[in-house]
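Student: I would like to learn how the words used for a protein structure follow from computed values. Could you take me through one example, step by step?

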Amino acid sequence: MASNTQHSSTSATDGQVLEFALGEETYCVSIDYVTEIVDVGDVTTVPNSPPHIRGVMDLRGRTTSIVDPKVVFGIDGDGAERRIIVFDPAIVDDQGAAGWIVDEVFQVVQVDRDEVDDSPSQDKVAVNGVVKRDDDFVIWVDPKAVHSA
């Protein structure tokens, strides 16, 4: 059944998302922002970088900033840090290519508006909402908001 209501913001809370782990929790981002997923390689630390910047790495000839979303979102805990989600450079606002180092990448899934609740977080810009998934929750974050801040 098609909905007669269409908003320009539906892409923020409808569509396909990529689910990934940060510590003990599952998070997701809109697949529209993702260009590729790569294994963690050699990350070069850059002196005097902000605390959330882990460093840089060469991805297909492009210097890519590697961001630690655990620092951005204040997430405690260590993890495997196995994968890097590389984002479309258009979302990074003059910072060049960027990727997030995450513990694991799970799957791409379809999310419907009725599965998304408002976030109880104070950060209404970077957190789109909470996706109900059986007995678990998936935190939907917006990398565009994180990288344009």
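Tutor: Let us begin with a definition: a residue is called buried when its relative accessible area is under 20%, exposed when that area is over 50%, and partly exposed in between. By this rule, 40% of the 149 residues of the chain count as buried. Please keep in mind that this is a predicted model.

Student: What helices and strands does the chain have, and in what order do the elements run from the N terminus on?

Tutor: There are three helices and eleven strands in the chain, and from the N terminus on they follow the order α-β-β-β-β-β-α-β-β-β-β-β-β-α.

Student: What makes a set of residues a nonpolar core, and which residues of the largest one touch the most other members?

Tutor: The members must be buried residues of nonpolar kinds, such as Val, Ile, Phe and Trp, joined through side-chain atoms within 4.5 Å. The largest nonpolar core here has 20 residues, and those touching the most other members are F20, V29, I85, F87, W100, V102 and V141. At least two core residues are supplied by each of β1 (15–22), β2 (25–30), β6 (83–87), β7 (97–102) and α3 (143–148), and β1 gives the largest share, with three residues.

Student: Why is the contact between E36 and R60 called a salt bridge?

Tutor: The definition asks for a side-chain nitrogen of Lys or Arg within 4 Å of a carboxyl oxygen of Asp or Glu. In the pair E36 and R60 the N to O distance is 2.7 Å, so the pair satisfies the cut-off of 4 Å. E36 lies in strand β3 (residues 34–39) and R60 in the loop between β4 and β5, so the salt bridge ties together parts that are 24 residues apart in sequence. The structure holds seven salt bridges.

Student: How do you know that R60 is exposed, and what is notable about its phi?

Tutor: The relative accessible area of R60 is 72%, and because exposed means over 50%, R60 earns that word. R60 also has a positive phi of about 55°, although R60 is not a glycine.

Student: Is E81 buried, exposed or partly exposed, and why?

Tutor: E81 has a relative accessible area of 23%; this value is neither under 20% nor over 50%, so E81 is called partly exposed. Phi of E81 is near 45°, again a positive value in a residue other than glycine.

Student: Which residue forms a salt bridge with E81, and what distance supports the name?

Tutor: The partner is R54, with the closest N and O atoms 2.9 Å apart, which is within the 4 Å that the definition asks for. R54 lies in strand β4 and E81 in the loop between α2 and β6, so parts that are 27 residues apart in sequence are tied together.

Student: What can you say about the salt bridge of R82 and E104?

Tutor: Here the N to O distance is 2.9 Å. R82 lies in the loop between α2 and β6 and E104 in strand β8 (residues 104–111), so this pair ties together parts 22 residues apart in sequence. Salt bridges that share partners also join R54, D68 and E81 into one network.

Student: What makes the patch of E24, E25, D134, D135 and D136 negative?

Tutor: Asp and Glu count as negative, and this surface patch is formed by E24, E25, D134, D135 and D136, so the patch is called negative. One of these residues, D135, is in the loop between β10 (127–133) and β11 (136–141). With a relative accessible area of 75%, D135 is exposed.

Technical notes:
Residues numbered from 1 in each chain as written. Predicted model: local features only at pLDDT ≥ 70, side-chain atom pairs only at ≥ 80, totals over all residues. Heavy atoms only, no water. Patch = residues over 30% accessible without salt bridge, like charges linked within 9 Å, V, L, I, M, F, W, Y side chains within 5 Å. Areas by Shrake-Rupley, 256 points an atom, 1.4 Å probe, with all protein chains shown as cover. Charge placed at Lys NZ, Arg CZ, Asp CG, Glu CD. Helix = DSSP H or I, 4+ residues; strand = E, 2+ residues; numbered from the N terminus. Buried < 20%, exposed > 50% of the residue type's maximum accessible area, 1.4 Å probe, protein only.
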